[in-house]
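Subject: Structure for your files

Dear colleague,

Please find the structure below, followed by what was found in it.

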Amino acid sequence: DWLYHHWSDDQRRLMRRAIVQLGLRPSLKAFETGVWWTKTKNNWAQVCNAGLMVAALAIGDEEPTISEQVLENGLGALPRAMARYAPDGGYEEGPAYWAYGTGYNTILLAAFESALGHDFRFGESKGFALTGRFVPQLTGPSGKAFNFADSRAATVQSPALFYLANRYDDVVAARYAVKSNLGDAFDLLWYDPKLLKANTMSAPLHATYSRIGVVTMRTAWDDPNAAYLGIKGGKNGFSHGQLDLGSFIYEAKGQRWFIDLGADHYNLPGYFSADENGARWNYYRNRAEGHNTLVVNPATGPDQPIDAEAPVKLDGSIARVDLSEVNGPGNERFFEFESATGAFTVTDRVNTIGQAEAWWFAHTRASIQLSGDGRTARLSQNGEELLVRLVEPTTTRLEVLDAEPLDGSPSPVGQNPNNGAKLLNGVLGNSK
């Protein structure tokens, strides 16, 4: 649409014909037959429908009948995805897919505003005005993202942040957008320098995203050496989800000490086969053992129930993750974060019927030196150090393992070998 006046009549006809024949018309058939993406709640609902509706708006004056049909379909489908921002702007598919889905979503709203003068009140969807802070809160002082749900740890870049900052006067989104911008056309369209005159002190140091079960805590904004803790509860069983309930990441002194390994390769056999017996749960990076959480009685199948939910509650600087649906009634995990120093304590309360096999995992790419009694570990990375200490019970010790499947766990050919990643295990004496 931006180049319309620079094209010849023949070029315009070619573009319009292609939009109708290759985009809009096939989409009508997809809605008629109920293809899965026409009914989904995940990012596909935003990407597919926003793309189609923007195309319909671009040629609506010359192809009004089919454009109207496409817009009606999209207006019925998009609310299912936008409802996922409620109540607080969280996005269960993680920061990378937030950028993907929200990027298309904001382009559509802007197109509605410029073409029609309104956006059908989509911008008033619950939680959407708050979602510009989601990525900043999920970004550590290092600039890396809290990369759960098939996300990468790379800095999230999205012009959607400029749109949200501009529309909702969100200084936090604006500051982050300027630091991370892609430098593309939408950045220029939506950038508002007036927002940068304020500071981010109004942004809380701690954040809770209740529906998706994510908590973040930090000692400061705008300090690359600040400490940062990201905690993952919520639900298993959503698009791009992994079996990571109870997991965490941690940064301090400019280093990410405890990591999420992220996604494996999407072309691995059955990578998105996510039912009870699906191949997705055979891959280490998608299993609980591939995360920084407690694994009780691991088995060859999914090592967390694929439909489990772990509610997270933040009280001051103490986060509680209820793991009753993961490891049985009474199982819970506490994270106590010291805002002054950035140190934190993890406490696991484990209740089992009879003897159990328990593994406590924390993945890192740092070098690890254990004390003689195995009660402390000194992590070293890029000239910085972090001390890990076991408090209780006194029968436990730490050991260092390769980041690879446990004996008896699936080990499919072709999965990422996780070279350079190690993990700490808190051995209770019966873990092998």
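The protein chain has 9 helices and 18 strands, where helices (H or I, at least four residues) and strands (E, at least two) are DSSP runs numbered from the N terminus. This is a predicted model, in which local features need pLDDT of at least 70, side-chain atom pairs count only at pLDDT 80 or more, and totals for chains, interfaces and linings use all residues. Residues are numbered from 1 along each chain as its sequence is written, and side-chain values use heavy atoms, with hydrogens and water left out.

The radius of gyration of the protein chain is 24 Å, which agrees with the value near 22 Å for a compact globule of 432 residues; it is taken over C-alpha atoms, and the globule rule is 2.2 Å times the number of residues to the power 0.38. Along the principal axes, the C-alpha atoms fill a box of roughly 80 × 50 × 35 Å.

Of the 432 residues, 51% are buried (under 20% relative accessible area, 1.4 Å probe, protein chains only). The largest nonpolar core (buried Ala, Val, Leu, Ile, Met, Phe, Trp, Tyr and Cys residues joined through side-chain atoms within 4.5 Å) has 59 residues, of which L24, W98, F112, F134 and F148 touch the most other members. Elements that each supply at least two residues of this core include α1 (9-33), α4 (94-116) and β1 (206-209). Another core, of 34 residues, lies apart from it, with V215, I231, F258 and F335 among its members.

L24 touches I19, L52, A55, A56, I59, I66, S67 and V70, not counting residues up to four places away in sequence (contact means heavy atoms within 4.5 Å).

Regards

Conventions:
Buried means under 20% relative accessible area, exposed over 50%, partly exposed in between (1.4 Å probe, protein chains only).
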